[in-house]
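Visitor: Before we discuss the terms used for this model, may I see the sequence and the structure?
Guide: Certainly; they are shown here.

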Amino acid sequence: MLAGPTAVGKGTVAAAVRERHPDVWISVSATTRKPRPGEVDGVHYHFVDDAEFDRLVAEGELLEWAVVHKAARYGTPRGPVVASLAAGRPSMLEIDLQGARQVRRTMPEALFVFLKPPSWDELVRRLVGRGTETEEERERRLATARDELAAESEFDRTVVNHEVHEAADELVALMMLG
Ligand code: 5GP
């Protein structure tokens, strides 16, 4: 399980894991957020509307879910995770801190890895550099990131995201060690 503050590069590290370690299965979350340019439904996320997300919650189809940045709902479909684990595949979730806390309760045997930015300034630089959010949205994400950074001690391991390929390899090595 990979979690960490917003804009630390969780998505980028997950993409590097997908590319470099195709043996690792990575969960595709459902979200009510609108796709960003280049994002593909079913690959990066399952993009769903509020009614469909309500249904997933009501029918217990999500392993965990959370409202992230007070903006949209994100959740992990349960079925594919269960199937991947049953098949004995190394399996990874890339989720926010609230989701990680829920999974901690239901799957305490999972390995919880915290992805950390090299520094706070670097985190701010990445968040601003992404340029896909409005000023208000950015402020909200920075506030979330500040709270999330304080949660590192809740995790089993920390990986510092100096360089994305190294972080991806380190993460997979930790998963294999268990
Ligand atoms: P973004 O909108 O930038 O793709 O993702 C925003 C945040 O949502 C990231 O911190 C990401 O880790 C988190 N996130 C993505 N999928 C899930 C999920 O299934 N559950 C939870 N709890 N958080 C998620």
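**Terms and their cut-offs**

Guide: At 30% relative accessibility, Trp 65 counts as partly exposed. The structure is a predicted model, in which local features need pLDDT of at least 70 and side-chain atom pairs count only at pLDDT 80 or more, while totals for chains, interfaces and linings use all residues. Residues are numbered from 1 along each chain as its sequence is written, and side-chain values use heavy atoms, with hydrogens and water left out.

Visitor: Why is Trp 65 called partly exposed?
Guide: Buried means under 20% relative accessible area, exposed over 50%, and partly exposed in between (1.4 Å probe, protein chains only). The 30% of Trp 65 falls in between, so the residue is partly exposed.

Visitor: What makes Phe 53 and Trp 65 an edge-to-face pair?
Guide: The structure holds four aromatic pairs. In one of them, Phe 53 and Trp 65 have a centre-to-centre distance of 5.8 Å and 75 degrees between their planes. Rings of Phe, Tyr and Trp (its six-membered ring) pair if their centres lie within 6.5 Å; planes under 30 degrees apart count as stacked, over 60 as edge-to-face and the rest as tilted. The distance is within 6.5 Å and the angle is over 60 degrees, so the pair is edge-to-face.

Visitor: Which elements does this pair link?
Guide: Phe 53 belongs to helix H2 (residues 50-58) and Trp 65 to strand E5, 12 residues apart. Helices (H or I, at least four residues) and strands (E, at least two) are DSSP runs, numbered from the N terminus.

Visitor: Is Phe 53 buried or exposed?
Guide: Phe 53 has 0% relative accessibility and therefore counts as buried. Val 57, also found in helix H2, has 31% and therefore counts as partly exposed.

Visitor: Which residues are closest to the ligand?
Guide: The ligand is surrounded by 16 residues, the closest being Ser 29, Arg 33, Tyr 45, Tyr 74 and Asp 96. A residue is near a molecule if one of its heavy atoms lies within 4 Å of it. Strand E5 (62-68) and strand E6 (72-77) each supply at least two residues of this shell. Tyr 45 and Tyr 74 also form one aromatic cluster with Phe 47.

Visitor: How do you know that Arg 33 makes a polar contact with the ligand?
Guide: A polar contact is a pair of N or O atoms within 3.5 Å; within protein, one must be able to donate a hydrogen and the other to accept it, and residues adjacent in sequence count only if both atoms are side-chain atoms. An N or O atom in the side chain of Arg 33 is 2.6 Å from an oxygen atom of the ligand, so the pair qualifies. For Tyr 45 the corresponding distance is 2.5 Å, and a polar side-chain atom of Glu 94 lies 2.8 Å from a ligand oxygen.

Visitor: Why is Glu 137 called buried?
Guide: Glu 137, placed in helix H6 (residues 135-149), is buried because its relative accessible area is 12%. Its side chain makes polar contacts with the side chains of Arg 140 at 2.5 Å and Arg 141 at 2.8 Å.

Visitor: What makes Arg 104 a charge over the ring of Phe 112?
Guide: A charge sits over a ring if NZ of Lys or CZ of Arg is within 6 Å of the ring centre and within 35 degrees of the ring normal. The charged end of Arg 104 sits over the ring of Phe 112, 4.2 Å from its centre, so the distance condition is met.
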